[in-house]
Amino acid sequence: MAGKFFLIDTTRCTACRGCQIACKQWNELPADKTKQYGSYQNPLDLNGNTYRLVRFAEYPSKKNSMAWYFFSDACRHCLAPPCKKKADQILKDAIVVNDYGAVIYTEKTKDLEKASKVIKQACPWSVPNWSKDQKQMVKCTMCRDRVDAGLLPACVKACPTGALNFGEEADIKKLTKERLAEAKKKFGAKAHIEDEKDVRVLFLIVDDFIKYKPMEL
């Protein structure tokens with residue numbers, strides 16, 4: 001299981017979208033046409049042009065008129081990727097896992113257009129998408145080209161508050177433990193790490209996970 005891990009600390013996220021923009025810039029992805037539909041979140045979901053998306057959710061609050069929940073969403077780089085398991089049934093090694101745990105969609109996924117929906121459905125978070133422009137399945141690559149060069153992923157580099165963190169498993173697990181202790185003191189017992197046993201992207205949240213997903217619009 002050793003390798004690279006992320007820590008997404010939602011207590012430090014200001015929803016500046018720096019990570020979302022940096023991801024687009026580094027991967028040379030086109031902008032999505034946006035519209036006002038009742039939320040600051042744009043686009044509506046991850047897609048072939050958006051590998052990382054800052055989600056906005058708001059709920060009534062006893063202390064204020066509302067409470068904001070921000071969530072920088074992307075591939076979790078699962079320890080045992082369900083998308084790879086499904087894809088291997090159709091085309092072996094179209095999806096691979098590299099030596100530090102990045103789940104990579106290779107050019108072989110160009111031959112998986114007809115299977116792209118079932119592969120997307122295999123993902124617990126519906127992360128991967130078919131790109132009409134690239135004509136293959138796409139998602140966060142863990143910026144493997146940057147990581148291979150000894151650099152941080154673009155999203156982490158751009159984060160101004162320390163909400164996004166990246167490094168070796170032991171270092172990230174240590175930081176996660178420290179941040180969680182701080183969050184419990186400040187926000188209470190609901191602070192926890194989401195899905196920490198199954199993925200390489202650890203999310204520190206301070207409420208029920210469902211609240212970080214935008215309400216139906």
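## Exercises on a predicted model

Let's start with one residue: at 3% relative accessibility, Arg76 counts as buried. Keep in mind that this is a predicted model. Now for some practice.

**Exercise 1.** Find out where Arg76 lies and which residues it touches.

*Solution.*
- Step 1: Place the residue. Arg76 is in the loop between S3 and H2.
- Step 2: Check the burial. Buried means under 20% relative accessible area, so Arg76, with its 3%, is buried.
- Step 3: Look at the side chain. One of its polar atoms is 3.0 Å from the backbone oxygen of Ala74.
- Step 4: List the contacts, leaving out residues up to four places away in sequence. Arg76 touches Phe71, Trp125, Val127, Val199, Arg200, Val201, Phe203 and Phe209.

**Exercise 2.** Describe the largest cavity: how much space lies in it, and which residues are closest to its centre?

*Solution.*
- Step 1: Search the whole structure. Three cavities of 30 Å³ or more turn up.
- Step 2: Take the largest cavity, which holds about 100 Å³ of space.
- Step 3: Go to its walls. There are 15 lining residues, and Cys75, Arg76, Cys78, Cys83 and Cys123 are the closest to the centre. So here's our Arg76 again, as part of the lining.
- Step 4: Ask which elements give two or more residues to this lining. They are helix H2 (82-88) and strand S5 (103-105).
- Step 5: Sort the lining by class. You get twelve nonpolar residues, one polar and two charged.

**Exercise 3.** Do the same for the largest pocket: what is its volume, and which strand gives the largest share of its lining?

*Solution.*
- Step 1: Note the volume, about 610 Å³.
- Step 2: Look at the 19 lining residues. Nearest the centre are Ala67, Trp68, Tyr69, Phe187 and Val206.
- Step 3: Trace the lining back to the elements. Strand S3 (residues 67-73) gives the largest share, with four residues.
- Step 4: Sort by class. The lining has eleven nonpolar residues, four polar ones and four charged ones.

**Exercise 4.** Work out why the pair formed by Phe56 and Phe70 is edge-to-face.

*Solution.*
- Step 1: Know what to look for. A pair of aromatic rings is described by the distance of the centres and the angle of the planes.
- Step 2: Count the pairs. The structure holds eleven aromatic pairs.
- Step 3: Read off the geometry. The ring centres of Phe56 and Phe70 are 5.4 Å apart and the planes are at 70 degrees, so this pair is edge-to-face. The cut-off for that label is over 60 degrees.
- Step 4: Find the strands. Phe56 is in strand S2 and Phe70 in strand S3, so the pair ties together parts 14 residues apart in sequence.
- Step 5: Check the burial. Both Phe56 and Phe70 are buried.
- Step 6: Look for an aromatic cluster. Tyr59, Tyr69, Phe71, Phe203, Phe209 and Tyr212 form one.

**Exercise 5.** List the buried residues of helix H1 and say what they pack against.

*Solution.*
- Step 1: Go through residues 18-27. The buried ones are Gly18, Cys19, Gln20, Ala22, Cys23 and Lys24.
- Step 2: Follow their contacts. They pack against strand S2 (53-59), S3, helix H5 (154-158) and strand S8 (164-168).
- Step 3: Look just past the helix. Glu28 has a positive phi of about 55 degrees.

**Exercise 6.** Place Thr141 and name its contacts.

*Solution.*
- Step 1: Thr141 sits in the loop between strand S7 (136-138) and helix H4 (144-148).
- Step 2: A polar atom of its side chain is 3.1 Å from the backbone nitrogen of Cys143.
- Step 3: Not counting residues up to four places away in sequence, Thr141 touches Asn27, His77, Ala102 and Ile104.

Technical notes: Residues are numbered from 1 along each chain as its sequence is written. This is a predicted model: local features need pLDDT of at least 70, side-chain atom pairs count only at pLDDT 80 or more; totals for chains, interfaces and linings use all residues. Side-chain values use heavy atoms; hydrogens and water are left out. On a 1 Å grid over the protein atoms alone, a cavity is a set of points where a 1.4 Å probe fits but cannot get out, and a pocket is an open set with protein on both sides within 12 Å along at least five of seven lines; lining residues have an atom within 4 Å of a point. Grid points are joined across faces, edges and corners, and a volume is the space filled by probe spheres set on the points. Helices (H or I, at least four residues) and strands (E, at least two) are DSSP runs, numbered from the N terminus. Ala, Val, Leu, Ile, Met, Phe, Trp, Tyr, Cys and Pro count as nonpolar, Asp, Glu, Lys and Arg as charged, and the others, Gly among them, as polar. A polar contact is a pair of N or O atoms within 3.5 Å; within protein, one must be able to donate a hydrogen and the other to accept it, and residues adjacent in sequence count only if both atoms are side-chain atoms. Contact means heavy atoms within 4.5 Å. Buried means under 20% relative accessible area, exposed over 50%, partly exposed in between (1.4 Å probe, protein chains only). Rings of Phe, Tyr and Trp (its six-membered ring) pair if their centres lie within 6.5 Å; planes under 30 degrees apart count as stacked, over 60 as edge-to-face and the rest as tilted.
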